[in-house]
Every structure is written in structure tokens, then in C-alpha cells.
Amino acid sequence: QVQLVESGGGLVQAGGSLRLSCAASGRTFSSYAMGWFRQAPGKEREFVAAISRSGIRNYYADSVKGRFTISRDNAKNTVHLQMNSLKPEDTALYYCAIIDYALGSPSGSWGQGTQVTVSS
């Protein structure tokens with residue numbers, strides 16, 4: 001069972017940047033595609049970004065395309081989400097998860113989430 005721990009959230013002004021990290025336990029991290037999701041208060045959890053097992057391929061939700069970048073370091077068992085040009089509507093609890101890359105849907109472990117708050 002892979003355990004995931006997110007970090008890097010915080011309070012930032014609109015237009016600012018944050019870099020989220022997700023640290024994974026276990027020796028099989030490179031076997032999994034990974035994704036970031038978010039959930040704002042009163043809303044459903046939504047997909048943000050996905051990255052393939054090798055890190056070569058990725059894709060994004062339209063709402064973050066061009067502003068967010070997902071990356072991974074398989075040697076360090078980490079996946080990152082660089083978030084630039086943040087908007088108040090990006091405020092949410094952000095989660096990383098093991099995903100089915102083709103579907104962009106969760107298929108395994110979740111982290112506990114890290115809060116991102118963007119002030120206007």
C-alpha cells in the first residue's frame with residue numbers, strides 16, 4: 001500500500017505562486033501514474049492534472065492549463081504541482097492520488113490534502 005503525504009499549501013495573493021509536493025512511500029512509485037485533484041468548500045472533488053509513470057506525458061484540466069505544471073521525480077518518490085498566476089477560484093484542498101492515466105480517475109491511494117487559499 002503506497003502512502004501519500006502532500007505539503008506546500010498556504011495563503012497567497014492572487015497572481016502569486018505555490019509549489020505543492022506529494023511524497024510517496026514504497027518502492028513501486030514509478031509503477032503508478034499520478035494525479036492532483038482539488039475540492040473547494042461545497043463542491044465536488046475535481047481533477048487538476050495527471051502525469052504518466054515515466055513523467056513524459058501529462059495533461060491538465062482546462063481551468064488550470066497554462067498556469068499549473070505537474071512533474072515527478074521517481075528517484076525521490078515525489079510528484080509536484082507548480083501553480084502560477086493563482087486565482088481566488090483556485091482556493092481548495094489539494095490532493096495527490098494514484099490514478100488510471102487513461103481515465104484521469106483515482107485508482108488507489110490518496111493523501112490527506114494540503115490547503116491552498118488565494119486571496120483577492
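# A walk through an all-strand model

Let me begin with a hairpin, where strand 9 (residues 92-100) and strand 10 (residues 105-110) run antiparallel and are joined by three bridges. Strands here are DSSP runs of E with at least two residues, numbered from the N terminus, and two strands count as paired if DSSP finds at least two bridges between them. Before going on, I should say that this is a predicted model, in which local features need pLDDT of at least 70 and side-chain atom pairs count only at pLDDT 80 or more, while totals for chains, interfaces and linings use all residues. Residues are numbered from 1 along each chain as its sequence is written, and side-chain values use heavy atoms, with hydrogens and water left out.

Within that hairpin, Ile99 has Pro106 of strand 10 as its bridge partner. Four residues lie between the two strands, and Gly104 takes a positive phi near 70°.

Stepping back to the whole protein, we find 11 strands and zero helices. The C-alpha atoms fill a box of roughly 40 × 25 × 25 Å along the principal axes. The radius of gyration is 13 Å, which agrees with the value near 14 Å for a compact globule of 120 residues; the radius is taken over C-alpha atoms, and the globule rule is 2.2 Å times the number of residues to the power 0.38. Of the contacts with a separation of 6 or more, 56% are between residues 24 or more positions apart, where contact means heavy atoms within 4.5 Å.

Now to one of the sheets. Which order do the four strands of the open sheet follow? The order is 1-3-8-7, and the pairing is antiparallel. Strand 1 (4-7) and strand 7 stand at the edges, each with a single partner strand, so one side of each has no neighbour in the sheet. Strand 1 pairs with strand 3 over four bridges, and here Val5 has Ala23 as its bridge partner in strand 3. Strand 3 is in turn joined to strand 8 by six bridges, with Leu20 partnered by Leu81 and Leu18 by Met83. Strand 3 is also mostly covered, since five of its seven residues are buried, and buried means under 20% relative accessible area, exposed over 50%, and partly exposed in between, with a 1.4 Å probe and protein chains only.

Those partners bring us to the interior. A nonpolar core is a set of buried Ala, Val, Leu, Ile, Met, Phe, Trp, Tyr and Cys residues joined through side-chain atoms within 4.5 Å. The largest one has 29 residues, of which Trp36, Leu81, Met83 and Tyr94 touch the most other members. At least two residues of this core come from each of several strands, including strand 4 (33-39), strand 5 (46-51) and strand 11 (114-119). A second, separate core of six residues includes Phe37, Ala97, Ile99 and Tyr101, so Ile99 from our opening hairpin returns here. Leaving aside neighbours within four places in sequence, Leu81 is in contact with ten residues, among them Leu18, Trp36, Phe68 and Tyr94.Let me finish at the other end of the chain. Is Ser120, in the segment after strand 11, buried or exposed? Ser120 is exposed, because its relative accessible area is 87%. Not counting residues up to four places away in sequence, Ser120 touches Ala14 and Pro88.
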